[in-house]
Amino acid sequence: MTNENPFFQPSTLPYQLPPFAAIREEHYLPAFDAGFAEHLAEIKAIAENPEPATFENTIVAMERAGQLLDRVALVFFAQTSSDTTDGLQEMEREVNPRVAAHTDSIMLDVSLFARIDDLYERRAQLGLGDVELRLLEKHHQDFVREGAKLPAGDKEKLRELNERLAALSTDFERNVLAAKKAGQQVFETAEQLAGMSQDAIAAARENGEAVGLPGKYVLSLKNFSNQTELASLDDREARRALLTASLERAWEANGPVIVEIAKLRAERAALLGFRTHAEYAVQDRTAKTTAAVEGLLERLIPAALENAGQEAEALRAQLPAGQSLEAWDWTYYSEKVRKAEYEVDSEALRPYLELDSVLVNGVFHAAELVYGVTFRERPDLVAYHPDVRIWEVLDADGSGLGLFLGDFYARSSKRGGGWMGNYVEQSGLLGQPPVVVNNLNVAKPPAGEPALLTWDEVRTLFHEFGHALHGLFSDVEYPSVGGIHTPRDFVEYPSQVNEMWARWPEVLANYAKHHRTGEPVPAELVERTAEAEKFGQGFDIVENLAAVMLDWAWHSLPAGTDPGDAKEFEEAALKRYGLLIPEIPSRYRSSYFAHIWAYGYAAGYYSYLWSEVLDKDTVDWFEEGVASGRSIRESGELFRRAVLSRGASVDLMAAFAELRGRAPEVEPMLRARGLAA
């Protein structure tokens with residue numbers, strides 16, 4: 001290895017920020033090659049250590065291993081999501097199966113598992129602390145779940161399945177990105193976009209320039225089904241075309257891919273001793289059993305359908321005579337109902353929701369109010385794209401916590417949606433502070449114009465920053481249990497709690513100011529908007545439940561079951577659960593449901609609703625604290641210590657009970673959703 005490759009040595013930049021200015025595409029594959037080799041050598045030394053297994057020479061040694069591989073992998077996979085190229089996509093097709101094979105070579109190593117198993121059997125005699133004991137138990141469970149106890153022939157079959165699944169996941173993601181580009185809606189005139197704000201129309205024209213269609217007005221597809229522009233486009237044909245493009249994307253390319261993924265996941269689950277992939281997936285989550293998940297969902301579906309039915313009747317009253325209610329009409333006429341009944345126009349809020357103000361005076365201000373942290377922009381540090389900004393995060397005592405990168409604008413090289421990622425993961429053992437990033441897909445405005453957000457985008461900004469705080473506040477010794485390395489049905493909990501501050505009066509007053517006049521948002525507009533949001537909860541939860549149940553259906557297939565045609569399977573699954581409602585498409589259709597086919601949420605999309613139970617119970621706790629005289633800052637410190645700082649180093653439901661004084665209750669979530677009195 002030479003020093004010419006920036007991955008070969010730890011970064012010397014503040015907080016070990018990757019040296020983006022020095023990283024080129026040709027550095028990745030050599031760094032992966034070296035990282036795989038170095039990690040395997042480290043694992044071999046652990047597995048073949050002639051000394052008896054100890055926690056230090058086995059578990060801690062494993063936690064120290066693979067640092068070069070981590071450095072390159074964290075940057076590579078972040079870039080393929082945020083700013084990919086044709087070259088990176090080709091590399092990803094090669095790298096993903098190699099990562100799967102590399103993981104298998106470790107998890108299926110007989111000698112290594114023998115040492116872990118030995119420690120596990122002797123765990124009561126080792127005198128370990130609670131965190132160390134939990135780490136040992138986690139490693140043991142992970143190895144068993146990944147096939148360590150399988151006979152040799154089954155281990156080889158598992159390797160083949162994992163490599164094929166990794167390749168298919170990459171194909172799926174590539175097809176979604178291509179479909180996003182192909183599905184963008186091109187309009188010839190501004191008149192076709194009537195109903196949208198002038199700023200949004202200008203952004204569509206700017207988008208046309210950016211994608212090589214000067215003079216055109218282009219609406220790029222977001223990764224979910226019901227595109228935000230549907231709420232404001234007056235032209236019904238424009239709405240129909242936009243939604244149709246969204247719903248029909250990627251079927252031809254991804255239909256066969258997802259069928260194969262579902263079949264292979266079911267086969268892998270059976271090989272590992274589980275009836276279905278869903279059963280396998282929930283075993284190491286906080287839900288623990290499929291029955292627990294299904295119990296929550298069965299409670300939600302009937303009430304959600306009743307609410308949505310009531311909303312549909314209100315919408316039909318707004319339709320022109322003889323016109324039926326179609327999917328592309330729902331959000332448009334919902335806006336009309338809100339205007340008529342609540343005197344609210346969603347577009348009226350946008351001038352008060354300028355991106356930089358929402359971020360600095362809202363998101364950052366809330367973090368200071370609740371947790372005492374402050375933010376100092378670092379223009380001297382270079383990110384991976386000119387649009388990305390970097391802030392140093394300082395704790396209440398002025399000490400440095402880590403770095404926060406903000407990448408907020410949409411571009412054709414970026415996957416859809418919003419997400420948080422790590423560039424450096426916190427670990428006391430490795431002396432690593434956290435470096436985290438938030439990605440959104442806000443339409444970039446014309447030069448010199450402000451980026452004005454929808455309320456949904458404001459909520460997303462607060463949500464993703466909740467994930468960022470989870471990473472930034474991590475204060476653990478061992479990297480594998482730090483930050484957001486928590487069960488899938490828990491990781492959304494801190495981010496959903498953070499959404500509460502978007503409406504907190506002190507925070508809202510600080511950021512919601514007219515971008516030209518500086519006037520604060522009228523209090524009555526906020527109050528009416530909050531009331532109006534109650535109308536639409538039926539639609540919101542039904543489209544989410546449809547996506548949850550699609551995920552659940554795909555991953556509840558027993559091994560050997562052929563789902564058949566992907567579209568037909570989807571239709572039958574939604575019909576089975578009573579969620580085949582043409583007017584309310586699933587939030588994601590199977591062909592572009594990246595959460596479950598590419599991003600780790602397989603049999604886990606229920607996590608958002610599961611976490612919402614914890615979230616709404618915690619919101620009540622914050623509000624009860626204020627009512628009882630406990631300050632927001634005191635509550636924030638308690639929440640940080642009990643939940644945000646501990647990663648998965650403790651039992652997470654016990655951590656919740658420590659905070660709340662009891663187990664979570666579902667009633668706060670039902671009330672917030674309008675599903676209970």
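The following dialogue examines ring pairs, burial, backbone angles and enclosed spaces in a predicted model.

Trainee: On what basis are the values for this model computed?

Mentor: The model is predicted, so local features need pLDDT of at least 70 and side-chain atom pairs count only at pLDDT 80 or more, while totals for chains, interfaces and linings use all residues. Residues are numbered from 1 along each chain as its sequence is written, and side-chain values use heavy atoms, with hydrogens and water left out.

Trainee: Why is the contact of Phe 364 with Trp 391 called an edge-to-face aromatic pair?

Mentor: Rings of Phe, Tyr and Trp (its six-membered ring) pair if their centres lie within 6.5 Å; planes under 30 degrees apart count as stacked, over 60 as edge-to-face and the rest as tilted. By this rule the count comes to 39 aromatic pairs. For Phe 364 and Trp 391 the centres are 5.2 Å apart and the planes stand at 80°, so the pair is edge-to-face.

Trainee: What makes this pair a tie between separate parts of the chain?

Mentor: Phe 364 belongs to helix α15 (residues 355–371) and Trp 391 to strand β4 (residues 389–394), so the pair ties together parts that are 27 residues apart in sequence. Helices (H or I, at least four residues) and strands (E, at least two) are DSSP runs, numbered from the N terminus.

Trainee: How do you know whether Phe 364 and Trp 391 are buried or exposed?

Mentor: Buried means under 20% relative accessible area, exposed over 50%, and partly exposed in between (1.4 Å probe, protein chains only). Phe 364 has 5% relative accessibility and therefore counts as buried; Trp 391, with a relative accessible area of 3%, is buried too.

Trainee: Which geometry does the pair of Phe 622 and Phe 639 have?

Mentor: Phe 622 and Phe 639 form an edge-to-face pair, 5.9 Å centre to centre with 75° between the planes. The pair links distant parts of the chain, with Phe 622 in helix α23 (residues 607–628) and Phe 639 in helix α24 (residues 632–644), 17 residues apart. Both Phe 622 and Phe 639 are buried. They also belong to a cluster that ring pairs build from Phe 490, Tyr 493, Trp 501, Trp 504, Trp 621, Phe 622, Phe 639 and Phe 656.

Trainee: What makes Arg 630 a charge over the face of Trp 621?

Mentor: A charge sits over a ring if NZ of Lys or CZ of Arg is within 6 Å of the ring centre and within 35 degrees of the ring normal. Arg 630 lies over the face of Trp 621 at 4.3 Å from the ring centre. Arg 415 lies over the face of Tyr 599, at 3.9 Å from the ring centre.

Trainee: Why is the phi of Ala 250 remarked upon?

Mentor: Most residues other than glycine have a negative phi. Ala 250, in the loop between α9 and α10 (251–271), has a positive phi near 70°. At 11% relative accessibility, Ala 250 counts as buried. Ala 603 likewise has a positive phi, of about 55°, although it is not a glycine. Ala 603 is found in the loop between α22 (594–597) and α23, and at 0% it counts as buried.

Trainee: How do you know that His 102 is buried, and which residues does it touch?

Mentor: His 102, in helix α4 (residues 86–107), has 9% relative accessibility and so counts as buried. Contact means heavy atoms within 4.5 Å. Leaving aside neighbours within four places in sequence, His 102 is in contact with Phe 36, His 39, Leu 40 and Leu 69.

Trainee: What makes a space a cavity, and how many of 30 Å³ or more are there?

Mentor: On a 1 Å grid over the protein atoms alone, a cavity is a set of points where a 1.4 Å probe fits but cannot get out, a pocket is an open set with protein on both sides within 12 Å along at least five of seven lines, and lining residues have an atom within 4 Å of a point. Grid points are joined across faces, edges and corners, and a volume is the space filled by probe spheres set on the points. The structure holds two cavities of 30 Å³ or more. The largest cavity has about 70 Å³ of space, and its lining includes Met 420, Asn 422 and His 485. The second largest cavity has about 40 Å³, with Leu 349, Trp 455 and Arg 503 among its lining residues.
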